[in-house]
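Welcome! Take a moment to look over the sequence and the fold, and then let us walk through some of the details together.

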Amino acid sequence: MISRRDFFRVSLASGVFALGALTGCSSSAASASASSASAAASSSAAAPPAAAVVCFSCTGNTWGVAQKIAAAAQADLVRLEAARPYSADDLNYNSDCRANQEQNGGTARPEIAGGIPDLAKYDTIYLGYPIWWGKAPRIILTLLEGASFAGKKIVPFCTSGSSPVDGSLEELKSSAAGATVESGKRFTTDASDAEIKAFL
């Protein structure tokens, strides 16, 4: 038969054990919660960029600006190239060159080397191109008509000696169904970091 003193000793020991068990459970739960939060943060940090800079550039002028924009915006950089590359003669605007024929014909849609790039994961597309006869090169329409841009924001930028970006916007809007096309900006080839920052 257990004496009253022994009974209290057993009860006290049991209480201490129970308290320790509860404390251990609480610590485990807190540790699990912290681990989950850390995993979520890591997953967020590893998420792909929400923006991409997509650029078509034959001479490299627009490409230089595209690289600056991608670096400043921490965006992915995608270069569009024609499946049939443009030669110097193709860009000789003082003749009946290939570029002139495509721009004036209206229906030309030059093939993109490697096909239409997959841009589905991006919310914002910075779209760069030179101005040819006041408009975007026809290969830009190949891209916009060949993929879905619904719900995306397209921010155009161009390089040109004098022609503004405005003349190219209507075609972009009609070709990129469901997208929001911003007003965009024309850059010179020596665009400054301050200009790039203001654009973004």
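Which side chain of opposite charge is nearest to Lys152, and how many Å away is it? The nearest one belongs to Asp123, at 5.5 Å, and Lys152 has no salt bridge although it is buried. Please keep in mind that this is a predicted model.

**A buried lysine**

To find Lys152, look in the loop between α4 and β4. A polar atom of the Lys152 side chain lies 3.2 Å from the backbone oxygen of Leu119. Leaving out residues up to four places away in sequence, Lys152 touches Leu119, Ala120, Lys121, Tyr122, Asp123, Ile125, Ala179 and Thr180. Leu119 and Asp123 are thus both among the residues that Lys152 touches.

**The nonpolar cores**

In soluble globular proteins, nonpolar side chains tend to be buried together. Here, the largest nonpolar core holds 32 residues. Those that touch the most other members are Val54, Ile125, Leu127, Tyr129, Ile140, Phe149 and Ile154. Two or more residues of this core come from each of β1 (51-56), β2 (76-80), β3 (124-130), α4 (138-146), β4 (153-159) and α5 (166-175). With four residues, α4 gives the most to this core.

Ile140 is a good residue to zoom in on. Setting aside its neighbours within four places in sequence, Ile140 is in contact with Phe56, Leu80, Leu127, Gly128, Tyr129 and Leu172. Another core, of 16 residues, lies apart from the largest one; among its members are Val53, Cys55, Ile69 and Ile196.

**Salt bridges**

Side chains of opposite charge can pair when their charged atoms come close. The count of salt bridges in this model is six. Three of the pairs are set out here, with the distance between N and O atoms.

| Positive residue | Negative residue | N to O distance |
|---|---|---|
| Arg98 | Asp90 | 3.4 Å |
| Lys135 | Glu171 | 4.0 Å |
| Lys173 | Glu170 | 3.9 Å |

Are the partners in the Asp90 and Arg98 pair buried or exposed? Asp90 is buried, with a relative accessible area of 12%, and Arg98 is buried as well, at 11%.

The salt bridge between Lys135 and Glu171 links distant parts of the chain, 36 residues apart: Lys135 is in the loop between β3 and α4, while Glu171 is in helix α5. Lys135 is partly exposed, with a relative accessible area of 34%.

Glu170 and Lys173 are separated by about one helical turn, because they sit three residues apart in helix α5. Glu170 is exposed, with a relative accessible area of 56%, whereas Lys173 counts as partly exposed at 41%. Elsewhere, salt bridges that share partners bring Asp90, Arg98 and Glu102 together in one network.

**The cysteines**

A disulfide is a covalent bond between the sulfur atoms of two cysteines. How many disulfides does the count give? The count comes to zero. Take Cys58 as an example: the closest cysteine sulfur, in Cys55, is 9.9 Å from the sulfur of Cys58, so the two are too far apart for a bond. Cys58 counts as partly exposed, at 31% relative accessibility. Cys158, by contrast, counts as buried, at 0%. Cys55 has already appeared above, as one of the members of the core of 16 residues.

Note on methods
Residues numbered from 1 in each chain as written. Predicted model: local features only at pLDDT ≥ 70, side-chain atom pairs only at ≥ 80, totals over all residues. Heavy atoms only, no water. Core = buried A, V, L, I, M, F, W, Y, C linked by side-chain atoms within 4.5 Å. Buried < 20%, exposed > 50% of the residue type's maximum accessible area, 1.4 Å probe, protein only. Contact = heavy atoms within 4.5 Å. Disulfide = S-S within 2.5 Å. Lys, Arg positive; Asp, Glu negative; His and termini not counted. Polar contact = N/O pair within 3.5 Å; in protein donor to acceptor, adjacent residues only side chain to side chain.
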